[in-house]
Every structure is written in C-alpha cells, then in structure tokens.
Amino acid sequence: MERIAIYPGSFDPITMGHLDILDRALRIFDKVIIAVGEHIKKDTLFSTKERLQQIKEAVKERKNVEVAHFEGLMIDYAKKRNANAIVRGLRAVSDFEYEFQMALMNRKLDSSIETVFIMTRGMYSYLNSSVVKEVAKHNGNVTTLVPPVVAEALKEKFRN
Ligand code: ADP
C-alpha cells in the first residue's frame with residue numbers, strides 16, 4: 001500500500017524550514033501532499049493562489065510531492081486523499097502545546113490517521129513565516145531563509 005502523508009499549513013510564505021520538513025517526510029512516505037489551508041483567523045500576506053504558485057515553483061525539482069489547497073477540516077481532506085498520516089514540524093517546546101492539542105483533536109475525529117512530528121534542523125529552529133515577513137518588510141536579507149521564488153515575491157510585495 002502506498003504511504004501518503006499530508007503536510008498542512010498556511011505557508012505564508014513557505015520557508016527553508018518547511019522544505020526541510022518536507023524532505024525528511026519524503027524519506028518516510030511514498031508521497032507527500034503539501035496542503036495549503038485557509039485559516040479563518042489568519043490574515044495572510046500572500047493570496048492562496050500566490051502561495052500555491054510559490055510552493056509549486058519551490059518543489060518542482062522534487063519527486064513524489066503534490067501541492068494542493070483545501071477548505072474545511074484538514075482531517076476530512078486527509079481522508080478524502082487516502083492519507084495515512086499528517087506531518088507537522090516541531091521547532092521548540094513552544095510549538096508543543098498547540099500541536100499536541102491539534103493532534104489529539106484530529107485523532108478524535110479520525111483515529112485511523114496518525115500525526116507524525118518531524119524535528120527541524122537546529123539552524124531553522126528560529127525560523128517561521130512571520131519572522132521572514134518582518135525581516136523582508138524592513139529590507140533585510142532573507143535569501144538564506146526562503147526559496148528564491150519567495151525572496152523575489154517578498155521584494156515585490158514590499159517595494160512600496
Ligand atoms: P500553521 O498555520 O498551520 O501553523 P505554518 O505554515 O505556520 O502553518 O506551519 C506549518 C507546519 O510547518 C507546522 O507544523 C509548523 O510547525 C512547521 N514549521 C514551520 N516553520 C518550521 C521550521 N522552521 N522548522 C520546522 N517546522 C516548521
């Protein structure tokens with residue numbers, strides 16, 4: 001049986017930290033579906049369309065990756081795509097409480113899909129999309145933090 005993982009997130013924008021988790025997940029699973037979700041509470045810098053484009057460009061050299069978009073409950077989307085697992089990245093203890101809560105809720109909703117946590121590389125443990133946006137907004141250099149397509153998009157976004 002093909003082992004399929006869903007890697008859900010906002011990816012606003014996708015960073016090297018996200019790509020690191022993706023590459024680790026690809027060593028475990030036959031296929032990884034990066035699933036861009038809509039957060040009702042989150043205002044995003046990039047539209048869903050922009051984020052999908054950026055991610056597709058960033059992962060185009062990798063095999064066994066699909067980039068998709070979902071609405072509604074992530075666990076329903078995972079089920080629909082016949083996923084066996086949900087992949088989430090862990091950076092620091094501060095991620096734990098929220099991730100633990102989500103994993104347990106998702107298990108309650110569907111106990112057949114396991115949440116798998118993958119630890120980030122130390123060098124990316126400080127990295128998140130918000131920090132990247134903050135640095136880019138003030139003209140800081142983000143080229144080592146995000147794929148080239150995102151660095152370009154950020155420059156464009158904050159030009160004015
Ligand atoms: P969400 O809004 O669902 O948290 P994010 O795009 O912020 O979406 O994150 C998606 C997933 O990627 C989460 O599991 C998060 O912990 C993980 N992640 C984000 N940045 C990093 C990083 N630098 N290293 C490892 N995992 C990360």
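**Exercise 1. Identify the element that gives the largest share of the lining of the largest cavity, and describe that cavity.**

Solution. Helix 4 supplies the largest share of the lining of the largest cavity, with four residues. The model is a predicted one, and the count comes to one cavity of 30 Å³ or more. The space in the largest cavity is about 40 Å³.

Next, the lining is listed by residue. Met74, Ile86, Arg88, Glu99, Met102, Ala103, Asn106, Thr115 and Phe117 line the largest cavity. Two or more of these lining residues come from each of strand 4, helix 4 (93-109) and strand 5 (114-119).

The last step is to sort the lining by class: five residues are nonpolar, two are polar and two are charged.

**Exercise 2. Determine the volume of the largest pocket and the origin of its lining.**

Solution. The volume of the largest pocket is about 1,300 Å³. Its lining consists of 44 residues, and those nearest the centre are Ser10, His39, Arg88, Tyr98 and Met102.

The lining is then assigned to elements. Strand 1, helix 1, helix 3 (74-80), strand 4, helix 4 and helix 5 (129-137) each give two or more residues. Helix 4 provides the largest share, nine residues.

Two residues can now be placed in both linings: Arg88 and Met102 line the largest cavity and also belong to the lining of the largest pocket.

By class, the pocket lining divides into 16 nonpolar, 17 polar and eleven charged residues.

**Exercise 3. Locate the ligand and describe its surroundings.**

Solution. The ligand sits in the largest pocket. The elements that give two or more residues to the shell around the ligand are strand 1 (4-9), helix 1 (16-28) and strand 4 (85-90).

The shell is examined next. It holds 17 residues, with Tyr7, Ser10, Lys42, Gly89 and Leu127 the closest to the ligand. Six residues of the shell are nonpolar, seven are polar and four are charged.

Three atom pairs can then be compared with the 3.5 Å limit for a polar contact:

- Tyr7 places a polar side-chain atom 2.9 Å from an oxygen atom of the ligand.
- Thr120 has a polar side-chain atom 2.9 Å from a nitrogen atom of the ligand.
- Tyr124 contributes a backbone N or O atom, which lies 3.0 Å from a nitrogen atom of the ligand.

As for cover, the ligand on its own has 550 Å² of accessible area, of which the protein covers 92%.

**Exercise 4. Which residues line the second largest pocket, and which element gives the most to that lining?**

Solution. The second largest pocket, with a volume of about 180 Å³, is lined by Ala136, Asn139, Gly140, Asn141, Val142, Thr143, Ala151, Glu152, Leu154, Lys155, Phe158 and Arg159.

Assignment to elements shows that helix 6 (residues 148-157) gives the most, with four residues. Sorting by class yields five nonpolar, four polar and three charged residues.

**Exercise 5. Describe the backbone geometry of Phe11 and of the peptide bond from Asp12 to Pro13.**

Solution. The general expectation is stated as a reference: most residues other than glycine have a negative phi, and most peptide bonds are trans.

Phe11 is taken up next: its phi is near 50 degrees, a positive value in a residue other than glycine. The peptide bond from Asp12 to Pro13 is cis, and its omega is near 0 degrees.

The final step is to place these residues. Phe11 lies in the loop between strand 1 and helix 1, and Pro13 lies in the loop between strand 1 and helix 1 as well. Strand 1 and helix 1 are among the elements that give two or more residues to the shell around the ligand.

Terms used. Residues numbered from 1 in each chain as written. Predicted model: local features only at pLDDT ≥ 70, side-chain atom pairs only at ≥ 80, totals over all residues. Heavy atoms only, no water. Near = heavy atom within 4 Å. Polar contact = N/O pair within 3.5 Å; in protein donor to acceptor, adjacent residues only side chain to side chain. Areas by Shrake-Rupley, 256 points an atom, 1.4 Å probe, with all protein chains shown as cover. 1 Å grid on protein atoms, 1.4 Å probe; cavity = no way out; pocket = protein on both sides within 12 Å on 5 of 7 lines; lining within 4 Å. Sits in = over half its atoms within 2 Å of the grid points. Nonpolar A, V, L, I, M, F, W, Y, C, P; charged D, E, K, R; others polar. Points joined across faces, edges and corners; volume = space filled by probe spheres on them.
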